[in-house]
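Thank you for making time for this. I would like to walk through the empty spaces in this protein, then turn to the ligand, and finish with two points about the backbone.

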Amino acid sequence: MLNGKRILLGVTGGIAAYKSPLLVREFVKAGAEVQVVMTRSAAQFVTPLALATVSKREVVSEMFPRPDDPNSTSWTKHIDLGMWADIMLVAPATAHTLARIAHGFADDMLTSLALALRCPLALAPAMDVDMFLNKTTQQNIDILKESGCFVIDPEEGELASGLVGPGRLPEIDRLVAFVDGILEKIHRDLSGKSILVTAGPTQEPIDPVRYIGNRSSGKMGFAIANAAALRGAEVTLVSGPVYLRTPRSVRRIDVSTAEEMNTAVHLEFENVDAVIMSAAVADYTVANPVNKKIKRETMPGDELTLTLKKNPDILKSLGEKKQNRVLVGFALETDDGIKNAKEKLRRKNLDLIVLNNPNEPGAGFNSDTNVVTFLTPAGQAEHLPLMSKFDVANRILDRVKSTLTWLT
Ligand code: PMT
């Protein structure tokens with residue numbers, strides 16, 4: 001995968017930076033073009049000259065052009081390089097740089113680039129064991145993973161301080177395989193396409209305090225949005241209330257009720273090539289929600305009766321006006337899965353339905369994995385084994401892409 005690829009290698013100021021010329025050499029040997037971007041502290045551990053020599057490119061480090069440097073001609077270099085690259089790897093990534101990227105700092109060339117990037121961002125944390133295990137560093141790594149960055153765990157062993165534990169930069173061949181694996185998954189094959197994704201639950205209010213909801217965490221929909229953005233699509237994510245961070249380069253619209261989701265989705269629909277509805281939309285809402293908290297003391301008897309009314313079937317209404325758009329729905333079924341999913345596929349005029357069962361281990365709500373079956377109008381059924389929601393997302397997007405190609 002590396003042959004002909006353009007790699008931005010971010011080098012930050014940790015002792016493992018001394019290995020970075022070897023990493024550049026391996027990427028170059030595999031046929032990649034490498035542009036090194038260093039922080040100032042990295043230059044304490046490895047010289048820009050060594051990195052420029054092995055990459056055969058001037059190392060970039062300063063944000064602003066210097067009059068005495070013929071190569072630093074443009075202050076928009078962070079944007080230009082962000083568009084040039086197929087992938088950016090920061091190795092080693094220090095605790096400080098992880099924190100800066102996680103929180104959106106753009107205080108030098110490396111972090112500005114990480115923010116401006118349109119391609120996958122991969123990170124190889126390397127530092128002393130206590131810094132790595134520190135809660136703040138771990139939280140920053142979680143933030144980065146949630147927002148769609150790829151993170152390779154450091155190796156365990158003896159560290160420069162003499163302490164032993166996790167924190168060592170993985171061996172060069174593992175780093176090369178890590179980047180290769182990401183490039184294999186992520187092609188910019190959805191550039192120019194616009195995809196609308198829905199995620200999460202809806203909440204139907206009973207009173208200002210209570211609601212009817214469901215167990216959707218949003219993970220499935222956010223994985224689809226992330227994968228589509230990494231593959232170059234322009235992604236709009238309409239999400240019910242969830243505790244997830246927005247993936248990089250994704251436009252997010254937050255809604256609460258099914259009615260709000262319906263309005264948002266229909267507003268966006270005109271401008272998209274495909275819709276993937278993974279949201280768990282409530283089929284019913286409370287007919288007469290009240291605007292004061294219901295108090296048990298003031299309610300007569302032991303029972304409270306709520307009258308529910310049907311919510312709009314969003315996907316069905318999209319199916320009625322879909323024209324040449326691709327429509328993908330999910331079916332969450334505990335029994336008669338195939339039969340019910342086929343029926344939904346037909347009734348909602350879908351190009352693909354993704355069947356999953358919340359009772360199956362590793363599938364459905366809140367897990368990081370899913371077990372799904374694809375069903376198409378032609379009667380095709382493909383059962384996929386247990387895999388990460390990110391991998392399921394890519395398999396769905398492969399189907400979307402081939403249907404889009406077929407339609408045009
Ligand atoms: O969010 P996670 O925790 O990661 O969990 C993922 C998931 C289990 C929620 C997801 O994989 C999933 O199955 N989503 C669809 C849940 C659902 O509402 O299924 P359904 O069979 O009831 O609905 C069929 C389709 O119609 C769905 O695409 C749904 O978005 C859509 N629908 C449903 C009701 C409604 N009123 N309007 C709709 O558009």
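Let me begin with the second largest pocket, which holds about 690 Å³ of space. Of the 21 residues lining this pocket, those closest to its centre are Lys145, Glu146, Ala223, Asn226 and Phe390. I should say at once that we are looking at a predicted model, and that every value I give is computed from it.

Where does the second largest pocket lie with respect to the domains? Domain 1, residues 6-185, and domain 2, residues 194-407, both contribute to its lining, and therefore the pocket lies between them. If you follow the secondary structure, at least two lining residues come from each of α7 (135-146), β5 (150-151), α8 (172-185), α9 and α13 (389-407). In character, the lining of this second pocket divides into 10 nonpolar, 4 polar and 7 charged residues.

The largest pocket has about 900 Å³ of space. Its lining is made up of 36 residues, and nearest its centre you will find Ala279, Ala280, Val281, Asp283 and Leu332. Here the elements that each supply at least two lining residues are α9 (219-230), α11 (314-320), β16 (326-332) and α12 (337-347), so please keep α9 in view, because that helix is listed for the largest pocket and for the second largest one as well. The lining of the largest pocket divides into 15 nonpolar, 13 polar and 8 charged residues.

Now to enclosed space. How many cavities of 30 Å³ or more does a search of the whole structure find? The search returns 1, and the largest cavity contains about 70 Å³ of space. Its lining consists of Leu117, Arg118, Cys119, Ser147, Gly148, Asn226, Ala229, Leu230, Arg248 and Ser249, which divide into 4 nonpolar, 4 polar and 2 charged residues. Because domain 1 (6-185) and domain 2 (194-407) both give residues to that lining, the cavity lies between the two domains. Asn226 is worth selecting on your screens, since this residue lines the cavity and is also among those closest to the centre of the second largest pocket.

Let me move to the ligand. There are 28 residues around the ligand, and the closest of them are Ser216, Ser217, Lys344, Asn356 and Asn366. Three backbone contacts can be picked out, each between a backbone N or O atom and an oxygen atom of the ligand: for methionine 277 the distance is 2.8 Å, for phenylalanine 330 it is 2.9 Å, and for lysine 219 it is 3.3 Å. Taken on its own, the ligand has 770 Å² of accessible area, and the protein covers 96% of that.

Finally, the two backbone points. The peptide bond that runs from alanine 91 to proline 92 is cis, with omega near -5°, and proline 92 sits in strand β3, residues 87-93. The other point concerns lysine 56, a residue other than glycine whose phi is nevertheless positive, near 60°; lysine 56 is found in the loop between α2 (48-55) and α3 (77-84).

That is what I wanted to show, and I am happy to go back to any of these places on the screen.

Definitions and conventions: Residues are numbered from 1 along each chain as its sequence is written. This is a predicted model: local features need pLDDT of at least 70, side-chain atom pairs count only at pLDDT 80 or more; totals for chains, interfaces and linings use all residues. Side-chain values use heavy atoms; hydrogens and water are left out. On a 1 Å grid over the protein atoms alone, a cavity is a set of points where a 1.4 Å probe fits but cannot get out, and a pocket is an open set with protein on both sides within 12 Å along at least five of seven lines; lining residues have an atom within 4 Å of a point. Grid points are joined across faces, edges and corners, and a volume is the space filled by probe spheres set on the points. Ala, Val, Leu, Ile, Met, Phe, Trp, Tyr, Cys and Pro count as nonpolar, Asp, Glu, Lys and Arg as charged, and the others, Gly among them, as polar. Domain bounds come from an automatic or database domain assignment. Helices (H or I, at least four residues) and strands (E, at least two) are DSSP runs, numbered from the N terminus. A residue is near a molecule or strand if one of its heavy atoms lies within 4 Å of it. A polar contact is a pair of N or O atoms within 3.5 Å; within protein, one must be able to donate a hydrogen and the other to accept it, and residues adjacent in sequence count only if both atoms are side-chain atoms. Accessible areas come from the Shrake-Rupley method with a 1.4 Å probe; for residues, only the protein chains shown count as cover.
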